[in-house]
Amino acid sequence: MINALRDLSETVIGKNVGCLDRTARLALGHILIVVGVAVATGYLDIGFTGTLGLAVAALVLVAGAIFVVTGTTQRCTANQVARINTHNKQN
């Protein structure tokens, strides 16, 4: 079952994130996650307070998580839609 799902994901969206793109996504993703946690816990003040501050922290955390996941899996839906493939290029 798991192999069938893996084969399906390879067919639907193949690897389209290359080495340099992957490294940038992983680095930026981890930085955004740290910043999001720091804002959410109050260690970093970005000028927003209350619910708005928590919403900004949540958005930063989600963006960071997306970058980490797309960098780790080397698959990006936005790249697929835009027909960008950095995986096959020499980096």
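## Worked exercises on a four-helix chain

R25 and D21 form a salt bridge, with 3.1 Å between their closest N and O atoms. Keep in mind that this is a predicted model. Let's start from that pair and work outwards.

**Exercise 1. Work out how R25 and D21 are placed relative to each other, and say whether R25 is buried or exposed.**

Step 1. Check the distance. A salt bridge needs a side-chain nitrogen of Lys or Arg within 4 Å of a carboxyl oxygen of Asp or Glu, and this pair comes in at 3.1 Å.

Step 2. Look at the spacing. Both residues sit in helix α2, 4 residues apart, so about one helical turn separates them.

Step 3. Check the cover. The relative accessible area of R25 is 11%, so R25 is buried.

Step 4. Ask what else is around. Searching the whole structure turns up 1 salt bridge. As background, side chains of opposite charge can pair when their charged atoms come close.

**Exercise 2. D21 has another partner: find the side chain in the segment after α4 that makes a polar contact with D21, and describe its setting.**

Step 1. The residue is T86, which lies in the segment after α4.

Step 2. Its side chain makes a polar contact with the D21 side chain at 3.3 Å.

Step 3. The T86 side chain also reaches the backbone nitrogen of G18, at 2.7 Å.

Step 4. With 18% relative accessibility, T86 falls under the 20% cut-off and therefore counts as buried.

**Exercise 3. Test whether the length of α3 agrees with its residue count, then say what covers its buried residues.**

Step 1. Take the 24 residues of α3 at 1.5 Å a residue: the expected span is 34 Å.

Step 2. Compare with the model. The end C-alpha atoms of α3 are 35 Å apart, which agrees.

Step 3. List the buried residues: G53, A57, G64, V68, T70 and G71.

Step 4. Find the cover. Helix α2 (19-41) is among the elements covering those residues.

**Exercise 4. Describe the residue that follows α3, from backbone to contacts.**

Step 1. That residue is Q74, and its phi is positive, near 60°.

Step 2. Place Q74 in the chain: it's in the loop between α3 (50-73) and α4 (77-82).

Step 3. Despite the loop position, Q74 counts as buried, because its relative accessibility is 12%.

Step 4. Follow the side chain of Q74, which reaches the backbone oxygen of V17 at 3.2 Å.

Step 5. Set aside neighbours within four places in sequence, and Q74 is in contact with G14, K15, N16, V17, R22 and H87.

**Exercise 5. Zoom out: give the fold pattern, the buried share and the nonpolar surface patch of the chain.**

Step 1. Count the elements. There are 4 helices and 0 strands, which read along the sequence as α-α-α-α.

Step 2. Of the 91 residues, 22% are buried.

Step 3. Among contacts with a separation of 6 or more, 84% join residues 24 or more positions apart.

Step 4. Turn to the outside. The accessible surface comes to about 6400 Å², and carbon and sulfur atoms hold 68% of that.

Step 5. Pick out the patch: I31, V35, L44, I46, F48 and L52 make a nonpolar surface patch of about 490 Å².

Step 6. Take I46 as a sample member. This residue lies in the loop between α2 and α3, and its relative accessible area of 34% makes it partly exposed.

Key. Residues are numbered from 1 along each chain as its sequence is written. This is a predicted model: local features need pLDDT of at least 70, side-chain atom pairs count only at pLDDT 80 or more; totals for chains, interfaces and linings use all residues. Side-chain values use heavy atoms; hydrogens and water are left out. Helices (H or I, at least four residues) and strands (E, at least two) are DSSP runs, numbered from the N terminus. Buried means under 20% relative accessible area, exposed over 50%, partly exposed in between (1.4 Å probe, protein chains only). A polar contact is a pair of N or O atoms within 3.5 Å; within protein, one must be able to donate a hydrogen and the other to accept it, and residues adjacent in sequence count only if both atoms are side-chain atoms. Contact means heavy atoms within 4.5 Å. The expected span of a helix is 1.5 Å times one less than its number of residues. Accessible areas come from the Shrake-Rupley method with a 1.4 Å probe; for residues, only the protein chains shown count as cover. Patches are made of residues with over 30% relative accessible area and no salt bridge: like charges are joined within 9 Å, nonpolar side chains (Val, Leu, Ile, Met, Phe, Trp, Tyr) within 5 Å.
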